[in-house]
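Work through the exercises below with the sequence and the structure open beside you. Try each task on your own before you read its solution.

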Amino acid sequence: MTIAFAEVLVTSPGRNFVTLRITTSDGVTGLGDATVNGRELAVAAYLTEHVVPLLIGRDEQQVEDTWQYLYRGAYWRRGPITMAAIAAVDTALWDIKAKIAGLPLYQLLGGRSRAGCLAYGHASGKELPELFDSVRAHLAEGYRAIRIQTGIPGLDSVYGVASSANAARGAGESTRYDHEPARRGALPVEEQWDTRAYLRHAPAVFEAVRNEFGPELPLLHDAHHRLTPIQAAKLGRSLEPYDLFWLEDVTPAENQDALRLVRQHTTTPLAIGEVFNTIWDYRKLIENQLIDYVRSPITHAGGVTGLRRIMDYAAVYQIKSGVHGPTDVSPVGLAAALHLGIALHNFGIQEYMKHDRRTDEVFRPTYRFTDGLLIPGDEPGLGVGYDDEVAGAHPYEQAYLPVNRLLDGSLHDW
């Protein structure tokens, strides 16, 4: 068989997704996720104009060769747009290979290493009572690990806090939405940020959460790249009494040497990498053991092939996976992460924000969430579909992630 044609599919069932569907000469199809939040059409154009023409007539079984062909042949290597496009092709070809073999993808990756992938959910609240209610709701849904995000005194809207984000875009409290979508509109929403207020407030929040829910519940926190190295070190040290599972994205990821200073001052585990795209982005961090968890999703790190390469290297240094799983990673990308995660011996945890009902109607995923674990489907391939008719009812809508400004009006480096 060879690749007969490939289609770039853009839909917006609650938020925007870019999907690549490859079809072989024998009619076998495979899906890949190419969504880059807020820049979806850039990837769609890259695929349509530069990648799809290169695929026609290629042997669909040559997954590694095709990966190298697209990575090396473009000359312009790395970067989120290129690597998301390669990820879509790679994931779709793995989907096809597993369907031809008649096996779920994880069987081609070495089989199960665990019963399921431990998942964490996002609890948030503008103030402590709302946060506690959100934690209880996640525990009732079966989550065994929970990310904690709260409002900051004096700030009306804080990224990662569902109710404040709803208020900022004009939604009522009754429409609470934990999916953190990019907000629709021609321009990004601008939010204020106050680092000193955040550093004062965060330890008190985690003290209150521990007092309410006890010492055993794994707690995570995302700083969203907002801190300087010394501020990050201060935060990590101040949170040590509350035994975090991890502290995520404490500094802008481009400055990798910053993690040396943070490591010198705190034993709080560190996770980073959701904006990283290749093994080269991680090399220094892994070799110098400056992080504990790799955060890249399959969708943005070159597919199953790309992320597997990163995780095999990380395993040498006892670093585990903590794959990014927001709702802008489609069910295709999440399913691929679960098939890889259940096979990896150095799996750590999987982020899981449940997709909107409309999204699940388009993709019809077969993975399931049971007793805190995400379990990939056992159907051949990824176990995800694509309903063209339902997708067609949800056209693309321009959307952006928010921009942060400091209290003096300057743009914040996050």
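The exercises that follow concern a predicted model, and each solution proceeds step by step.

**Exercise 1. The largest pocket**

Find the volume of the largest pocket, and describe the lining of the largest pocket by class.

Step 1. The largest pocket has a computed volume of about 1000 Å³. Of the 40 residues in its lining, those closest to the centre are Asn37, His225, Glu274, Val275 and Leu401.

Step 2. When the lining residues are sorted by class, 16 are nonpolar, 11 are polar and 13 are charged.

Step 3. Looking at the elements that contribute, we find that α3 (80-101) and β17 (403-406) each supply at least two residues of this lining.

**Exercise 2. Two residues with positive phi**

Locate His225 and Gln318, and decide for each whether the residue is buried or exposed.

Step 1. His225 is found in the loop between β8 (219-222) and α8 (229-238), and its phi is near 65 degrees, a positive value in a residue other than glycine.

Step 2. The cut-off for a buried residue is under 20% relative accessible area; His225 has 9%, so His225 is buried.

Step 3. Gln318 belongs to the loop between α11 (303-315) and β12 (320-323), and although Gln318 is not a glycine, its phi is positive, at about 60 degrees.

Step 4. An exposed residue has over 50% relative accessible area; the value for Gln318 is 74%, and therefore Gln318 is exposed.

**Exercise 3. Salt bridges between distant parts of the chain**

State how many salt bridges the model has, and then examine the pairs Arg15 with Asp328, Asp388 with Arg21, and Glu190 with Arg405.

Step 1. Recall that side chains of opposite charge can pair when their charged atoms come close. Taking a side-chain nitrogen of Lys or Arg within 4 Å of a carboxyl oxygen of Asp or Glu as the criterion, the count comes to 26 salt bridges.

Step 2. In the pair of Arg15 and Asp328, the closest N and O atoms are 3.7 Å apart. The two residues are 313 residues apart along the chain, with Arg15 in the loop between β1 (3-11) and β2 (17-24) and Asp328 in the loop between β12 and α12 (331-343). Arg15 is buried, at 5% relative accessibility, and Asp328 is buried too, with a relative accessible area of 8%.

Step 3. The side chains of Asp388 and Arg21 meet at 2.9 Å, N to O. This salt bridge links helix α14, which holds Asp388, to strand β2, which holds Arg21, across 367 residues. Asp388 is partly exposed, at 40%, whereas Arg21 is buried, at 13%.

Step 4. For Glu190 and Arg405, the N to O distance is 2.6 Å. Because Glu190 lies in strand β7 (residues 190-193) and Arg405 in strand β17, the pair ties together parts that are 215 residues apart in sequence. Arg405 has a relative accessibility of 26% and therefore counts as partly exposed.

Step 5. Finally, Glu248, Glu274, Arg295 and Glu351 are joined into one network by salt bridges that share partners. Glu274 has already appeared in Exercise 1, among the residues closest to the centre of the largest pocket.

**Exercise 4. Neighbours in space, and a patch on the surface**

Compare separation in sequence with separation in space for Ala145 and Leu118 and for Gly409 and Gln192, and then identify the residues of the nonpolar patch on the surface that includes Tyr396.

Step 1. Ala145 is found in strand β5 (residues 145-150) and is buried, with 0% relative accessibility. Its C-alpha atom lies 8.0 Å from that of Leu118, although 27 residues separate the two in sequence.

Step 2. Gly409 is in the segment after β17 and is partly exposed, with a relative accessible area of 35%. The C-alpha atoms of Gly409 and Gln192 are separated by 8.2 Å, while the residues are 217 apart along the chain.

Step 3. The patch consists of Val10, Leu41 and Tyr396, which together have about 220 Å² of accessible area. Tyr396 belongs to the loop between α14 (388-392) and β16 (399-400), and Tyr396 is partly exposed, with a relative accessible area of 30%.

How values were computed: Residues are numbered from 1 along each chain as its sequence is written. This is a predicted model: local features need pLDDT of at least 70, side-chain atom pairs count only at pLDDT 80 or more; totals for chains, interfaces and linings use all residues. Side-chain values use heavy atoms; hydrogens and water are left out. Patches are made of residues with over 30% relative accessible area and no salt bridge: like charges are joined within 9 Å, nonpolar side chains (Val, Leu, Ile, Met, Phe, Trp, Tyr) within 5 Å. Accessible areas come from the Shrake-Rupley method with a 1.4 Å probe; for residues, only the protein chains shown count as cover. Helices (H or I, at least four residues) and strands (E, at least two) are DSSP runs, numbered from the N terminus. Buried means under 20% relative accessible area, exposed over 50%, partly exposed in between (1.4 Å probe, protein chains only). On a 1 Å grid over the protein atoms alone, a cavity is a set of points where a 1.4 Å probe fits but cannot get out, and a pocket is an open set with protein on both sides within 12 Å along at least five of seven lines; lining residues have an atom within 4 Å of a point. Grid points are joined across faces, edges and corners, and a volume is the space filled by probe spheres set on the points. Ala, Val, Leu, Ile, Met, Phe, Trp, Tyr, Cys and Pro count as nonpolar, Asp, Glu, Lys and Arg as charged, and the others, Gly among them, as polar.
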